[in-house]
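Q: I am new to this structure and would like to learn how to read its features one at a time. Could we take them in turn, with the general idea before each case?

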Amino acid sequence: MAKHNGHIGAASDQTAPLSDVGTAAAASTPAIAASEPQAARDARENRHKYFMNIAIAVRLRANCKGNRVGALIVLDNRIISTGYNGTPENMVNCLDGGCYRCANRDKSYKSGEAYDLCICVHAEQNAILAAARFGIATAGSTMYTTMRPCFGCAKEMLQAQVRSVYYLHEWNPSAKDDVLKTAAQTAEYEKLMIRFPGGVHRLDVPDPDVNWAVSRKTPASISLDRHGTVDI
Ligand SMILES: [Zn+2]
Ligand SMILES: [Zn+2]
């Protein structure tokens, strides 16, 4: 099919097979332009929301008994990598009992604990590692993730020179009943957070599957910032 201004003529291709079904009526029907979905307007007017909604779609493949997370890395407004959480390739999935820690997370290991025993790869890690695997530079990029990065992912993102972070749901470092340890964890976590030159920002995007994706709701610790409402 002919190309117009560099775009493949997808619309003409789609109508071609229907040529023998109500041809006259179809020809006189005006183009479908009357009602633009709100989501389309949001996507066009705010790239942060556009990318976060794609991260939410990536999350659909998450395979973990804990939180389900989707992430993408964006450079120059282009998606260069995606990731979701689950066990390493060719290993038994977390949902099928492949990760001992996640399989016992309600009994022995609480949310945020015993990551050194967990074989699940986090969404942000998978996005960084996919970029590494395919030789894609991540320096100066932006990470969109459906959950605030954990301690480990934050370190790795800094070393990959991720510049800015936008996240959807809260996550806080915590050692449960150990107040002193929690305070130390929070302080160390903050040391990492302030190293992102473009900052760490929470976005306000509706999440239709929040109850499925987030196992333990963490109250927002910081307010939304202006980056969530203005275009880039
Ligand atoms: Zn898991
Ligand atoms: Zn993580």
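A: Let us begin with exposure, bearing in mind that this is a predicted model. Aspartate 76 has 8 C-beta neighbours inside 10 Å, and because 12 or fewer make a residue exposed, it counts as exposed. Aspartate 76 lies in the loop between S3 and S4.

Q: Which sign does the phi of aspartate 76 have?

A: Most residues other than glycine have a negative phi. Aspartate 76 departs from that pattern, since its phi is positive, near 50 degrees. Asparagine 77, in the loop between S3 and S4, also is not a glycine and has a positive phi of about 65 degrees. With 10 other C-beta atoms within 10 Å, asparagine 77 is exposed.

Q: In what order do the strands of the open sheet stand, and which strands are at its edges?

A: The open sheet is formed by 5 strands in the order S4-S3-S5-S6-S7, and their pairing is mixed. Strand S4 (78-84) and strand S7 (200-202) are at the edges, and because each has a single partner strand, one side of each is left without a neighbour in the sheet. From one strand to the next, the twist averages 20 degrees.

Q: Which helices pack on this sheet, and which strands do they touch?

A: H4 packs on the sheet and touches S3, S4, S5 and S6, with its direction making about 140 degrees with that of S3. H6 packs on the sheet as well, touching S3, S4 and S5, and its direction makes about 130 degrees with that of S4.

Q: Is strand S5 buried or exposed, and how does it pair with S3 and S6?

A: A residue is buried if 20 or more other C-beta atoms lie within 10 Å of its own. In strand S5 (residues 141-147), 7 of the 7 residues are buried, so the strand is largely enclosed by the rest of the structure. Strand S3 (residues 70-75) runs antiparallel to S5 and is joined to it by 4 bridges, and valine 74 has threonine 142 in S5 as its bridge partner. With strand S6 (residues 162-169), S5 pairs in the parallel sense over 6 bridges, and threonine 145 has tyrosine 167 in S6 as its bridge partner. Between S5 and S6 the chain crosses through helix H7 (residues 151-159), and this β-α-β crossover is right-handed.

Q: Where is glutamine 159, and is it buried or exposed?

A: Glutamine 159 belongs to helix H7, and with 9 C-beta neighbours inside 10 Å it counts as exposed. From glutamine 159 to threonine 138 the C-alpha to C-alpha distance is 9.7 Å, while the two are 21 residues apart in sequence.

Q: Which residues of the largest nonpolar core touch the most other members?

A: In soluble globular proteins, nonpolar side chains tend to be buried together. Here the largest nonpolar core has 40 residues, of which Met52, Ala55, Ala71, Leu72, Tyr144, Met157 and Val165 touch the most other members. Two or more residues are given to this core by each of helix H4 (47-59), S3, helix H6 (123-133), S5, H7 and S6. Leaving aside neighbours within four places in sequence, tyrosine 144 is in contact with Phe51, Met52, Ala55, Ala71, Leu72, Val74 and Tyr166.

Note on methods: Residues numbered from 1 in each chain as written. Chains lettered and ligands numbered in written order. Predicted model: local features only at pLDDT ≥ 70, side-chain atom pairs only at ≥ 80, totals over all residues. Pairing = 2+ DSSP bridges. Right-handed = clockwise from strand over helix to strand, strands pointing away. Core = buried A, V, L, I, M, F, W, Y, C linked by C-beta atoms within 7 Å. Contact = placed C-beta atoms within 7 Å. Axes fitted to C-alpha atoms, helices over the stretch in contact; angles between N-to-C directions.
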